[in-house]
Amino acid sequence: MNLYLVLLHLAGAVMLLLWAVRMVRTGFERSQEPALKRFLRESRGGKLRAAAVGTGVAVALQSSTAVALLAAGFAGSGVLTLATGLTLMLGADLGSALVVQILSIDLHWLIPVLLVVGGTLFFKGTSRPWRQGGRIVMGIALILISLQMIGQATLPLRGAEFLPGIVGYLAGDFFTAFLIGALFTWLVHSSVASILMIATFAAQGLVPLELGVSLMLGANLGGGLIALGLTRNSVVEARRIAIGNLLFRGIGAALLLVAFHYLQPPLDVLGQGVARQVINLHLVFNLLLLVACLSGAVGGILGV
């Protein structure tokens with residue numbers, strides 16, 4: 001096995017994944033920006049409505065970070081209150097978890113169809129919305145292709161002599177694994193891409209459940225760090241939403257991390273295989289955070 005060649009192929013696959021996720025997001029932003037802003041503006045109609053709007057927009061954009069930036073802008077102009085903005089962002093986090101669920105389904109048979117449809121719409125579309133729709137479809141196809149490439153690139157690592165030692169250490173040192181997951185997610189600026197990569201590694205047998213859960217929870221913390229970093233120069237009202245989301249998400253991830261590793265609850269109910277269990281736990285975690293927010297727990301923690 002040529003390690004440098006493996007890493008080169010893996011880096012190329014990861015870059016394609018990040019590019020494809022961005023393609024989908026920019027396609028929606030360019031074609032539906034007025035509608036997206038209208039939905040976000042209407043989210044001030046109550047916490048439940050804000051949660052639903054945040055979830056829906058994040059699914060469309062395949063990014064909770066994009067929703068965070070839009071919400072920060074509305075908060076800065078006084079359209080959104082802190083409590084509503086936090087609910088909106090936690091709803092967006094749930095939406096990004098739903099995106100991971102959708103993209104983790106084996107849809108390799110659909111790739112040629114998506115490429116043909118997306119390319120036709122982009123090159124032959126008679127209007128901007130049609131062309132951007134083609135961009136979105138092509139982006140989804142490229143996401144699926146990149147996940148296949150990641151799986152193929154990591155196959156040689158199964159027999160690597162150094163891997164069991166590294167994996168064994170990180171599986172035992174869950175705090176370090178947690179921080180690695182957060183750092184990697186912050187570096188790639190996409191929690192969707194990060195979780196999909198973790199699941200792909202798990203499906204290849206490279207990541208055991210203990211390590212996968214630690215990395216996944218770290219990725220949730222990293223997602224909060226992304227939004228905080230991108231709003232650091234915004235007005236105080238916008239930064240408060242990002243800080244609140246980071247605190248709520250980070251505290252929840254840390255509590256679940258400790259509970260999982262010390263209580264060792266069985267996760268068989270979440271599906272068969274490590275990859276499916278990690279992905280489903282990611283969804284359950286973000287759903288519980290949103291429920292806690294809607295029930296008023298966010299007010300108790302953050303004083304809003």
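The largest cavity in this predicted model is lined by Ser64, Thr65, Ala68, Met89, Asp93, Gly223, Ala227, Asn245 and Arg249. About 40 Å³ of space lies inside the largest cavity. The structure holds 1 cavity of 30 Å³ or more. Four helices each give two or more residues to the lining: α3, α4, α10 and α11. Helix α3 gives the most, with 3 residues. By class, the lining has 3 nonpolar, 4 polar and 2 charged residues.

The elements that give two or more residues to this lining span these positions:

| Element | Residues |
|---|---|
| α3 | 64-76 |
| α4 | 82-103 |
| α10 | 209-230 |
| α11 | 236-263 |

Two of the lining residues, Asp93 and Arg249, also pair with each other. Their side chains meet in a salt bridge, at 3.1 Å from N to O. Asp93 sits in helix α4 and Arg249 in helix α11, so the pair links distant parts of the chain, 156 residues apart. Both Asp93 and Arg249 are buried. The count for the structure comes to 1 salt bridge.

Now the nonpolar cores. In soluble globular proteins, nonpolar side chains tend to be buried together. Here the largest nonpolar core has 64 residues. Leu17, Ile143, Ile150 and Leu217 touch the most other members of that core. Another core, of 12 residues, lies apart from the largest one, and its members include Ala50, Val53, Val57 and Val67.

Leu217 deserves a further look. Leaving aside neighbours within four places in sequence, Leu217 is in contact with Phe178, Ala253, Leu256, Leu257 and Phe285.

Note on methods. Residues numbered from 1 in each chain as written. Predicted model: local features only at pLDDT ≥ 70, side-chain atom pairs only at ≥ 80, totals over all residues. Heavy atoms only, no water. Core = buried A, V, L, I, M, F, W, Y, C linked by side-chain atoms within 4.5 Å. Buried < 20%, exposed > 50% of the residue type's maximum accessible area, 1.4 Å probe, protein only. Contact = heavy atoms within 4.5 Å. 1 Å grid on protein atoms, 1.4 Å probe; cavity = no way out; pocket = protein on both sides within 12 Å on 5 of 7 lines; lining within 4 Å. Points joined across faces, edges and corners; volume = space filled by probe spheres on them. Nonpolar A, V, L, I, M, F, W, Y, C, P; charged D, E, K, R; others polar. Salt bridge = Lys/Arg side-chain N within 4 Å of Asp/Glu carboxyl O.
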